[in-house]
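Okay, thanks for coming, everyone. I'd like to walk you through a structure that will be new to most of you, so let's put it up on the screen.

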Amino acid sequence: MSTAVAQSVVPVDITVNGVEHHAEVEPRQLLVHFLRETLGLTGTHVGCDTSSCGACTIHLDGNAVKSCTVFTAQADGSTIMTIEGIGTEEHLHPVQEGFWEEHGLQCGYCTPGMIMAAAAFLETNPDPTEAEIRHALEGNLCRCTGYQNIVKAIQYAAKKG
Amino acid sequence: MVASIDAPEKMIGKAIKRREDPRLISGAGQFIDDLRLPGMLHLGLVRSPYAHAKIKSIDLSPALAMPGVVAAYTGDDFMDLNPLPAAWQAGGVKNNAVTPRVLAVNEVHLAGDPVAVVVAEDQYLARDAAQAVVVDYEPLPVVVDGKKAAEAGAPQLHEEAPNNIVLEWSCGKDVDAIDHALADAEVTSSLHIINQRLIPTPIEPRGSIARYDPGTGDYTLWITSQAPHVMRLLIAAFVMGIPEQKIRTISPDIGGGFGSKIFCYYDMPLTMAISKKLGGRPIKFFEDRMENYVSTTHGRDHITDVEVGATRDGKITALKVQTWANIGAYFSTIAAGIPTTLYGRMISGCYKIPNIRVDVTATYTNTAMVDAYRGAGRPEAAYVIERVCDAVAAATGVDPAEVRRKNFIQPEDFPYDTGVGMLPYDSGNYEGALDKALAQVGYQELRAEQKRRIDAGEQKLLGIGLSSYVEVCGVAPSKWIGLPGEGWGAGLWESANIRVQLTGKTVITTGSLPHGQGHETTFAQLASDKLGIPYDDIQIKHSDSLGTPFGFGSYGSRSLTVGGTAIYKSTDKIIDKVKKLGAHMLEASEQDVEFEDGKVFVKGSPDAAKTIQEIALAAHVAYDLPEGMEPFLDETTYYDPPNCTFPFGTHVCVVEVDKESGEIDLVKYLAVDDVGNVINPLIVGGQLHGGIAQGLAQALYEGACYDDDGQLLTGSLTDYAIPKARQVPWYELDSTVTPSPVNPMGAKGAGEAGTIASTPAVANAVVDAVRHLGVDNIQMPMTPERIWVAMNESN
């Protein structure tokens, strides 16, 4: 059964961080594994198997999405941005800058997902209240920071515009 | 030339941004799951669905028949590997230590016990193949409760541990003395406390990658470990029986640990042994979250009965504590030290208590192993004594703040021996921290508001919770904690090497290592000020047994107090040599020169100075060294502290409890912590925030649940409630500063303080809100349902 599954493949065309990719993937392959294993973009992390932690959050056609909950095949034709594409060392995204300035990370494992979730959130709500920020992080878990400095990081980015 | 080099900026005490962050915010961190080795194979573990069963047969052939499967093994294939080590057995008592093998043989003792392993070309195939293995089990009776496990008739886990008892340990006065003291007390009270089982839950699960080199017989092992040097030692000496130098251990970036990544786990030697069997192909194991929850260590899980005696005015005269500590299915690496040394010997808290007795019975059950989790014994102790203070307040009618004040150890009492076998507390001003907290929070006004709401019959009740804590960090010296004393099977020193290279650029290698705490930043700040070398010119290297001196790892808030002191002492040695060589270059005698801000000069003539960079160049080229001096600036220190350090403080939590629904609102959280002198306040603040969040989550949200068959009901992140952003309050931090006399920085440690302090602060606040309704105890997590039941039962 699983052998048959393993042998069938689906062609996909996906643009990731501005680069077009064509690949043939297992129908069951999760998008996060396409990004990590096929493309080698290991900044997107896996922290659970129940879509709870949000460490794998990316932008799929502009929306923050948990890439462990999407099949690669479902992303055919879409445009993706990962943590590797959101800013550069010289020009950090304001949310990246906020995380650095406000000590919004400790171990850094949840951080890429947090940054991607926060960046998408600020696109829809550029001037959020503290409560709105905390609500927006509903799908992203951090075990190190107690969240306060993550909230401050997002407030920093919002102020920066 | 000399005058143009200004003294570098002072770095100690500055809240500078972390140098670790650029890579971590850009996706360039290198966690174990990010490593790609050519030819790497993946493991799929076959795990027992039963919590206790005999293994009747294992059929690997369906897995082996699958394309892409390279090999499959059972426990019988690894009988040349010894069971994992029991590195900390409690001192002075018999330990019935039964540790796991890499794969269970004959019998499983918890649901999730690995019984077989398949090796496949990719992770999907490894999982498919693991599911194809057929195992026949004969289920056996199960026990999951740490107290029931020791009762007559309970299912027996291990022949070596009659009645499932791992150890029986006690400290303090003898039973007669404590019973007399209780009988003589003017007021007595008792509490039944369940310090529930927690799951540490670093967001990165655990993993190992091993590569055997058939040419040299050497292994490289990448591990998510807080103690890579210790793992190398334990696996070499105790599990595999090979020389340590045959193994190189590397901890890459680690996605949090909280204690759960200290220990020696099955996958470490298993990946190594399989890599050897398969001719050196790299072997990878990386847990998924469910595997992490069932088979990586848990924390806490105490059942405790407390009796306390006091005077009518609230002075505690006697404390008797009986605890059952559930350590799970097997003895994890340092499991025995947690409920003994780190719990019983800290039970006195900040208080002078003339009569204390603690009895601990540790037991095996059909559950995941329990070992150190952030705070490790100290949160359990702080929870007991801080709940007791509120119980004494309730029994005597004395305000909870005053009960604490009356019983505090006073500043002039240090060093203070609590009489239960802990080393003397180093320094403290407990009342100072309490007073600051009470003033900051407006304690009297809050009490008045609490009373007003009760009198007015309002629906939202106010609760004010205090927690005056003291904890023990940087546990040492080795002669006390080690085998002759508390039973830790090694030392607890740390090491550091400093090399100031030809250009003045400096490399510090340390046996300490971070898993989120920012050592690369803090250690460089420390060394920069000491050496007068710019911060940006100092690099901290760590986490690789090849190229760093031996260290015992990062846990117990010991990195700065022990590892940092090793760096400090190495800077002293560098400065000694720099002064000698500088004097030689200045044609002065060593007695006539001074070292300041990275420069050596003749006393009174700072303008004609030699910089440490110039001296490093001279030491390296070695054209003109004083007679007998070795070239190069290279110094190493192995540092074993004379005592532990004891951070303290007072946390105040204010909650609103809805009288109708039991719902809780965290209204205010104030922490006044004294962690001694601070090198980077930004990092220390972050440690306190995260610690507070974990501790309050124990009070309100988290708890691992097993059913009677030993199935973990909270086996995923949808079931186990680590807090979300909207479930934690805004933390207000304040501090007092009482330097530790134990180390030259005066630092005390900050990694666990928040967790230790916050659980009782929040729990006391909730009970305080409903105490007037006749409620004197609620077990954690204090969910709205439990609060509602408590309020209604008491009515």
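I'll start with the two chains on their own, then go to where they touch, and finish with a few spots inside them.

First thing to keep in mind: this is a predicted model. The overall scores are ipTM 0.97 and pTM 0.97. For chain B, the mean pLDDT is 97, and 99% of its residues come in at 70 or more. As a general reminder, where pLDDT is low, the predicted coordinates should not be read in detail.

Let's take chain A. You'll find 6 helices and 5 strands in there. If you walk along the sequence, the pattern goes α-β-β-α-β-β-β-α-α-α-α. How compact is chain A for its 161 residues? The radius of gyration is 16 Å, and the globule rule gives 15 Å for that length, so chain A is as compact as a globular protein of that length. Along its principal axes, the C-alpha trace spans about 50 × 30 × 25 Å. Of the 161 residues, 57% are buried. And if you look at contacts in chain A between residues at least 6 apart in sequence, 61% of them join residues at least 24 apart.

Now chain B, with its 795 residues. This one has 18 helices and 26 strands. A compact globule with 795 residues would have a radius of gyration near 28 Å, and chain B has 28 Å, so the two agree. The box around its C-alpha atoms, taken along the principal axes, is roughly 85 × 70 × 50 Å. Buried residues account for 61% of chain B. For contacts in chain B with a separation of 6 or more, 80% are between residues 24 or more positions apart.

Right, on to where the chains meet. How many residues of chain B are in contact with chain A? There are 47, and they touch 47 residues of chain A. On the chain B side, the elements giving two or more residues are α1 (21-25), α3 (123-132), α7 (289-295) and α16 (681-700). Which of those gives the most? That's α16(B), with 6 residues. By character, the chain B side divides into 21 nonpolar, 14 polar and 12 charged residues.

Let's stay with α16 of chain B for a moment, and pick out B:Gly691, which lies in that helix. Is B:Gly691 buried or exposed? It has 29 C-beta neighbours inside 10 Å, so B:Gly691 counts as buried. Skipping its neighbours within four places in sequence, B:Gly691 is in contact with B:Arg374, B:Glu752, B:Ala753, B:Gly754 and B:Thr755.

Helix α3 of chain B has a residue to point at too, B:Tyr124. With 21 C-beta neighbours inside 10 Å, and 20 being the cut-off, B:Tyr124 counts as buried.

Over to a helix in chain A: α4(A), residues 111-124. At 1.5 Å a residue, its 14 residues should span 20 Å, and the end C-alpha atoms are indeed 20 Å apart. In α4(A), 12 of the 14 residues are buried, so the helix is largely enclosed by the rest of the structure. Among those buried residues are A:Met114, A:Ile115 and A:Phe121. What covers them? The cover includes β3 (57-60), β4 (63-66), α3 (94-101), α5 (130-136) and α6 (148-160) of chain A, together with α1 of chain B.

Last stop, some strands in chain B. There's an open sheet of 3 strands, in the order β4-β2-β6, with antiparallel pairing. The edges are β4 (107-108) and β6 (134-139), each pairing on one side only. Strand β2, residues 53-59, is joined to β4(B) by 2 bridges, and B:Ala53 stands opposite B:Val108 in β4(B).

Elsewhere in the chain, have a look at β7(B), residues 165-172. Here 6 of the 8 residues are buried, so β7(B) is largely enclosed by the rest of the structure. Its antiparallel partner is β15(B), residues 356-363, and 7 bridges join the two. One pair to find on the screen is B:Trp169, whose bridge partner in β15(B) is B:Val360.

That's the tour, so let's open it up for discussion.

How values were computed. Residues are numbered from 1 along each chain as its sequence is written. Chains are lettered from A and ligands numbered from 1 in the order in which they are written. This is a predicted model: local features need pLDDT of at least 70, side-chain atom pairs count only at pLDDT 80 or more; totals for chains, interfaces and linings use all residues. Two residues are in contact if their C-beta atoms, placed from the backbone, lie within 7 Å. Helices (H or I, at least four residues) and strands (E, at least two) are DSSP runs, numbered from the N terminus. Ala, Val, Leu, Ile, Met, Phe, Trp, Tyr, Cys and Pro count as nonpolar, Asp, Glu, Lys and Arg as charged, and the others, Gly among them, as polar. Two strands pair if DSSP finds at least two bridges between them. The expected span of a helix is 1.5 Å times one less than its number of residues. The radius of gyration is taken over C-alpha atoms; the globule rule is 2.2 Å times the number of residues to the power 0.38. pLDDT is the predictor's confidence in each residue, from 0 to 100.
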